[in-house]
Amino acid sequence: MSQLALVRDISPSLGDCELSFVDRSAIDVDLARSQHHAYARALESLGCRVLLLPAQPDMPDAVFVEDTALVLDEFAVCTRPGAESRRREVASVAEVLGGFRRLEFISAPGTLEGGDILRIGRRIYVGLSARSNPEGIRQLEQFVRPHGYQVEAVPIRGCLHLKSAVTGVDAETVLLQRDWVDPAAFKSFRQIAIDEREPHAANALRVDAGLVYPDCFPRTLERLRRSDVAVTTVDVSELQKAEGAVTCCSLLLQESR
């Protein structure tokens, strides 16, 4: 088995992205594209085969492919984003994923975005947010329960997605922003709290035994390294202006050689 990373190139309209908890500022699209290419190389360095999809010029947020699907070993669930402007992103990703997995689809009135979904083993945590509603979570549970997955809805506050507040470091450990999510929801895991001076530092992308992590949170990065986590750092400063992070920009799946 090898790991495939599905990514999408930067849209020239990235500056028109949806924003909820980040103030709008000018985005250097050329720099964003350069940073995104470096992100893809980081994934390759960790053993991923990167499949780059073309940009969608009229879809500013399309680079954030994570929001369009949850990919499991058995099948994939294509989402229905809570932001109506983003729903057109799903079809082209589904077309590609259909070559690797059987597909299920969240339907109206359910909404679900991949940034709200944190899977650790057979447990799937889903953020109750402005983007993912109880009906979307109910549909997801119907799809995954027969395959032995447990779904738990987790309220969040002050941030866009669940994975803005908590991400998996390894099978036993989470990185957590305690102001945005109740740590009790993850009491069965070892918890690494972010440095309080770096409020956006909880988003890390687990790739096998390593992490891809932004280079702009040095205090939290030191906490990760003190915990013997192998970290590959990347600069995603322009994507952060679009309320993006390292998990947002890829869909990871196991593929047969």
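In this predicted model, the largest pocket encloses about 780 Å³ of space. Its lining is made up of 31 residues, and those nearest the pocket centre are Gln3, Val71, Arg119, Arg206 and Leu252. Five strands each supply at least two residues of this lining: β3 (69–71), β6 (117–120), β9 (166–170), β12 and β15 (251–255). By class, the lining of the largest pocket comprises 15 nonpolar, 8 polar and 8 charged residues.

The second largest pocket has a volume of about 340 Å³. It is lined by 21 residues, with Ser164, His200, Glu243, Gly244 and Ala245 closest to its centre. The lining of the second largest pocket divides into 9 nonpolar, 9 polar and 3 charged residues.

Turning to the interior, in soluble globular proteins nonpolar side chains tend to be buried together. In the present model, the largest nonpolar core has 26 residues. Within this core, the residues with the most contacts are Leu14, Tyr39, Leu43, Leu205, Val212 and Leu239. At least two core residues come from each of β1 (2–8), α1 (29–45) and β12 (205–207). The contribution of α1 is the greatest, at 5 residues. Strand β12 therefore appears in two settings, as it supplies at least two residues to the lining of the largest pocket and at least two to the largest nonpolar core, a core being by definition a set of buried residues joined through side-chain atoms within 4.5 Å.

The surroundings of Leu43 illustrate the packing of this core. When neighbours within four places in sequence are left aside, Leu43 is in contact with Ala5, Val7, Cys48, Val50, Leu205, Val207, Val212 and Ser250. Of these partners, Leu205 and Val212 are also listed among the residues with the most contacts inside the core. A second core, separate from the one described above, consists of 15 residues, including Leu118, Tyr125, Val166 and Val174.

A charged residue was also examined. Arg86 is located in the loop between β4 (76–78) and α2 (89–97). Its relative accessibility is 4%, so Arg86 counts as buried, the cut-off for that class being under 20%. The side chain of Arg86 reaches two backbone oxygens, that of Phe64 at 3.1 Å and that of Asp61 at 3.3 Å. Beyond its neighbours within four places in sequence, Arg86 is in contact with Glu18, Asp61, Phe64, Asp67, Pro81, Glu113 and Arg131. Asp61 and Phe64 are thus among the contacts of Arg86, and the backbone oxygen of each is reached by the Arg86 side chain.

Technical notes: Residues are numbered from 1 along each chain as its sequence is written. This is a predicted model: local features need pLDDT of at least 70, side-chain atom pairs count only at pLDDT 80 or more; totals for chains, interfaces and linings use all residues. Side-chain values use heavy atoms; hydrogens and water are left out. Buried means under 20% relative accessible area, exposed over 50%, partly exposed in between (1.4 Å probe, protein chains only). Helices (H or I, at least four residues) and strands (E, at least two) are DSSP runs, numbered from the N terminus. Contact means heavy atoms within 4.5 Å. On a 1 Å grid over the protein atoms alone, a cavity is a set of points where a 1.4 Å probe fits but cannot get out, and a pocket is an open set with protein on both sides within 12 Å along at least five of seven lines; lining residues have an atom within 4 Å of a point. Grid points are joined across faces, edges and corners, and a volume is the space filled by probe spheres set on the points. Ala, Val, Leu, Ile, Met, Phe, Trp, Tyr, Cys and Pro count as nonpolar, Asp, Glu, Lys and Arg as charged, and the others, Gly among them, as polar. A polar contact is a pair of N or O atoms within 3.5 Å; within protein, one must be able to donate a hydrogen and the other to accept it, and residues adjacent in sequence count only if both atoms are side-chain atoms.
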